[in-house]
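Grab a coffee and work through these short exercises at your own pace. Each one sets a task, and a step-by-step solution follows.

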Amino acid sequence: MADPTGSSTCPSMPRLKKLLRRLGTRLGGSPIVRLLTSGQFAIYSAGNCVSLLGTWMQRIGCSLLVWNMTESTFWLGILAAADLLPTLFIGPFAGAAADRWDTLRLNRICQAVLTAVAALMTILIVCGFLSLTMLIALVALQGCVIALSQPARLALVQELVAWEDIPAAVAINSMNVNLARLVGPAIAGLMVVHFDVAWVFLLNAIVTAIFVATLGVIATVRNTERAFGRNVLADIVAGFRYLIADRGMRVMLFLLLIGGVTIRSVAEMLPAFAAEHFSQAATGLAVLTSTMALGSILAGFSMGTYLVTSRLPQQIILSWLLSAFAVIGFALAPHSWLLSSCAMAMGFFTSLALIGTQTFVQLRAPPPMRGRALSVHGLLFRASPSLGALMLGFASDLFRLTVPAVASGGIMLLVALVFLLSAKQFGSGLSRDDR
């Protein structure tokens, strides 16, 4: 009804304002919002985010350079192997180093080296001196440095927050890693359409240098218990024994391996899919990486309601299962719009699985063993797509790309179905003894 002043009153307005105030209070009290807006972790997370974006941007730039030089899926697989296979050899030693040494200092050194490598690659591209052999060699060097820093980079997260904030910090960091894995290539794909590819490499050098500066101004707020065994090899063996003995770890890491070989390797072939379905390969690559990134972003926003610590194994396995369906649809898509839709679904479900797996490993591993557990996680996370891409690239040169991609999705589907039946047995005993 109208009031004497002629204005109308809406009975629902006070209720809406109350609801908005309550929502604002809940968001303001959220550990995720607090960690992202204040403290050492907020500074680290900002620098880490832009650095990861630059890393993945450069990877897509390298892929496009190799495709332009060779137009061969086999050489795309070789490039992926050069980038990721060093993890197989360096990863175990990097895990032991993260458990023994100062993780912050180790990160500073590695990121400084990566800045120099990115700057060198930019100069070589601009001067026209970058050959295929030289590119693969520099990517291999970069892969070695990233492999050395990976466990320390992940373990550092828990040293920047209070104990009660560890789950939220782990979730934020894993979300950053997996979002950057798709958002970075999406940005690079858009850049190469309008600019020379050298700008992608230059931007990576700049943001990595910013991360080095960020690491120079932060300090850890918690001291993690260090492990000092008889020697590094004994520490490595002890780490592998722990992971083999722990059934939950064993299963989740095995799924990470299979998921990398069968599902994530398909993303390494995006330039080939783009060339097949779009009139311009660069435009198609930008579209596919952007839609896949959108799916990953949606996964990051939904993780707060989807991922539940007590049910992590079930949710991880279900995510791998759904990502397998997405890959099969992607490989069989007859039109570019359906291909893009399936790419978004791939990004969504794969990111949920990867975020959940890293959270599980970080919370499950005891503090003195965390670096070594994360090194194996990093080894599988980085190396498994390269192994799959190498096999997928070789098979695609013999057959049409569709057949190996469908087979990859089918393998992941069967493996996920097998473990889904007993998923409840893998979730007990998440580590809560970080003191």
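**Exercise 1: the lining of a cavity**

How many nonpolar, polar and charged residues does the lining of the largest cavity have, by class?

Before the solution, two notes on the ground rules. This is a predicted model, where local features need pLDDT of at least 70, side-chain atom pairs count only at pLDDT 80 or more, and totals for chains, interfaces and linings use all residues. Residues are numbered from 1 along each chain as its sequence is written, and side-chain values use heavy atoms, with hydrogens and water left out.

Step 1. Settle what a cavity is: on a 1 Å grid over the protein atoms alone, a set of points where a 1.4 Å probe fits but cannot get out, with lining residues having an atom within 4 Å of a point. Grid points are joined across faces, edges and corners, and a volume is the space filled by probe spheres set on the points.

Step 2. Count them: there are five cavities of 30 Å³ or more, and the largest cavity holds about 620 Å³ of space.

Step 3. List the lining. The largest cavity has 39 lining residues, and W56, R59, D83, R181 and E268 lie nearest its centre.

Step 4. Sort by class. Ala, Val, Leu, Ile, Met, Phe, Trp, Tyr, Cys and Pro count as nonpolar, Asp, Glu, Lys and Arg as charged, and the others, Gly among them, as polar. The lining then splits into 21 nonpolar, 11 polar and seven charged residues.

Step 5. Find the main contributor. Helix α3 (residues 39-70) supplies the largest share of this lining, eight residues. Helices here are DSSP runs (H or I, at least four residues), numbered from the N terminus.

**Exercise 2: a charged pair**

Find which side chains meet in a salt bridge, and explain what the pair ties together.

Step 1. Apply the rule: a side-chain nitrogen of Lys or Arg within 4 Å of a carboxyl oxygen of Asp or Glu. The count comes to one salt bridge.

Step 2. Name the partners: D246 and R364, at 3.0 Å from N to O. D246 sits in the loop between α10 (232-245) and α11 (247-267) and R364 in helix α15 (residues 336-364), so the bridge ties together parts that are 118 residues apart in sequence.

Step 3. Recall the background: side chains of opposite charge can pair when their charged atoms come close.

Step 4. Check exposure (buried means under 20% relative accessible area, exposed over 50%, partly exposed in between, with a 1.4 Å probe and protein chains only). D246 is buried at 16%, and R364 is buried as well, at 10%.

**Exercise 3: a nonpolar patch**

Work out which helix gives the most to the nonpolar patch on the surface.

Step 1. Use the patch rule: residues with over 30% relative accessible area and no salt bridge, with nonpolar side chains (Val, Leu, Ile, Met, Phe, Trp, Tyr) joined within 5 Å. Areas come from the Shrake-Rupley method with a 1.4 Å probe; for residues, only the protein chains shown count as cover.

Step 2. Read off the members: V50, F195, W199, L202, L203, I206 and I210, with about 600 Å² of accessible area together.

Step 3. Helix α9 (residues 198-217) gives the most, with five residues; W199 is found in this helix.

**Exercise 4: far in sequence**

Is T103 buried or exposed, and how far is its C-alpha atom from that of A152?

Step 1. T103 lies in helix α6 (residues 103-127) and is buried, at 0% relative accessibility.

Step 2. The C-alpha atoms of T103 and A152 are separated by 5.0 Å, with their positions 49 residues apart along the chain.

Terms used. On a 1 Å grid over the protein atoms alone, a cavity is a set of points where a 1.4 Å probe fits but cannot get out, and a pocket is an open set with protein on both sides within 12 Å along at least five of seven lines; lining residues have an atom within 4 Å of a point. Helices (H or I, at least four residues) and strands (E, at least two) are DSSP runs, numbered from the N terminus. Patches are made of residues with over 30% relative accessible area and no salt bridge: like charges are joined within 9 Å, nonpolar side chains (Val, Leu, Ile, Met, Phe, Trp, Tyr) within 5 Å.
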